[in-house]
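Let's take a walk through this model, starting at the surface and working our way inside. Have the sequence and the 3D view side by side as you read.

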Amino acid sequence: MNLLADISIKTRLALGQLLLLLLLIVTAVAAWLGVKRMQYEVDELSRTHLPTLHAVSDLRQHIGAIRAHEKDIVIHYATSSRRDEAKKAWDNERQKVEQTLTTLQLKQDDGRPDTLLQSRFEAYVKGIEAIYRGLASGEIGDAENLNQQLAWYKSAVSDMEQALAKAVAESNRQLDQG
């Protein structure tokens with residue numbers, strides 16, 4: 001009743017090799033399917049989530065630069081040429097932030113566009129523009145008056161930075177869920 005005992009050794013070796021070859025083929029097909037699945041996942045990730053991640057990273061960089069130029073405006077409040085130079089650099093960076101905000105498509109949990117960061121940035125721009133106009137016109141003439149003017153708009157800066165942190169966290173969450 002022992003089947004293998006009735007078969008020659010040559011046939012047993014051939015069957016063993018065929019079985020190993022079959023197992024090798026099954027393993028290769030499973031590995032190939034797994035690689036294809038990973039390739040699809042990476043393509044999907046790069047198509048959907050990486051553009052948002054890059055935009056958020058660019059936005060963080062531009063907002064950091066705009067804040068540095070803002071500080072230059074404040075530091076050089078008494079020197080109109082250096083203040084104006086800092087304002088030009090601030091305007092250039094502001095345009096980059098605005099361009100990045102238009103490409104960034106953040107969504108709320110219900111799928112609607114998330115405009116919080118945009119509105120917070122607009123409030124920040126209004127605040128620094130008002131301070132710059134006050135410095136240029138001479139309404140804000142000394143450090144004490146400048147500090148008083150800065151105090152009222154600091155909440156706009158804080159709100160903008162909190163909205164940016166929320167955008168970063170949301171893009172990271174989307175990437176993790178991807």
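A nonpolar patch sits on the surface of this predicted model. Its members are Leu 15, Leu 18, Leu 21, Leu 24, Ile 25, Val 29, Trp 32 and Leu 33, and together they have about 810 Å² of accessible area. Pick out Leu 15 from that set: you'll find this residue in helix H2, which covers residues 9-48. Leu 15 has a relative accessibility of 44%, and because partly exposed covers the range between 20% and 50%, Leu 15 counts as partly exposed.

Now hop over to helix H3, residues 50-75, where Ala 68 has its place. Ala 68 is another partly exposed residue, as its relative accessible area is 39%. Try drawing a line from Ala 68 to Ala 86: the two are 18 residues apart in sequence, and their C-alpha atoms are 9.1 Å apart in space.

Time to go inside. In soluble globular proteins, nonpolar side chains tend to be buried together. Here, the largest nonpolar core has 30 residues, and the ones that touch the most other members are Leu 59, Phe 121 and Tyr 124. Which helices each supply at least two residues of this core? They are H3, H4 (80-103), H5 (116-137) and H6 (143-177). H6 makes the largest contribution, with nine residues.

Finally, zoom in on Leu 59. Leaving aside residues up to four places away in sequence, Leu 59 touches Val 97, Thr 100, Leu 101 and Leu 104, along with Leu 117 and Leu 164.

Conventions:
Residues are numbered from 1 along each chain as its sequence is written. This is a predicted model: local features need pLDDT of at least 70, side-chain atom pairs count only at pLDDT 80 or more; totals for chains, interfaces and linings use all residues. Side-chain values use heavy atoms; hydrogens and water are left out. Patches are made of residues with over 30% relative accessible area and no salt bridge: like charges are joined within 9 Å, nonpolar side chains (Val, Leu, Ile, Met, Phe, Trp, Tyr) within 5 Å. Accessible areas come from the Shrake-Rupley method with a 1.4 Å probe; for residues, only the protein chains shown count as cover. A salt bridge is a side-chain nitrogen of Lys or Arg within 4 Å of a carboxyl oxygen of Asp or Glu. Helices (H or I, at least four residues) and strands (E, at least two) are DSSP runs, numbered from the N terminus. Buried means under 20% relative accessible area, exposed over 50%, partly exposed in between (1.4 Å probe, protein chains only). A nonpolar core is a set of buried Ala, Val, Leu, Ile, Met, Phe, Trp, Tyr and Cys residues joined through side-chain atoms within 4.5 Å. Contact means heavy atoms within 4.5 Å.
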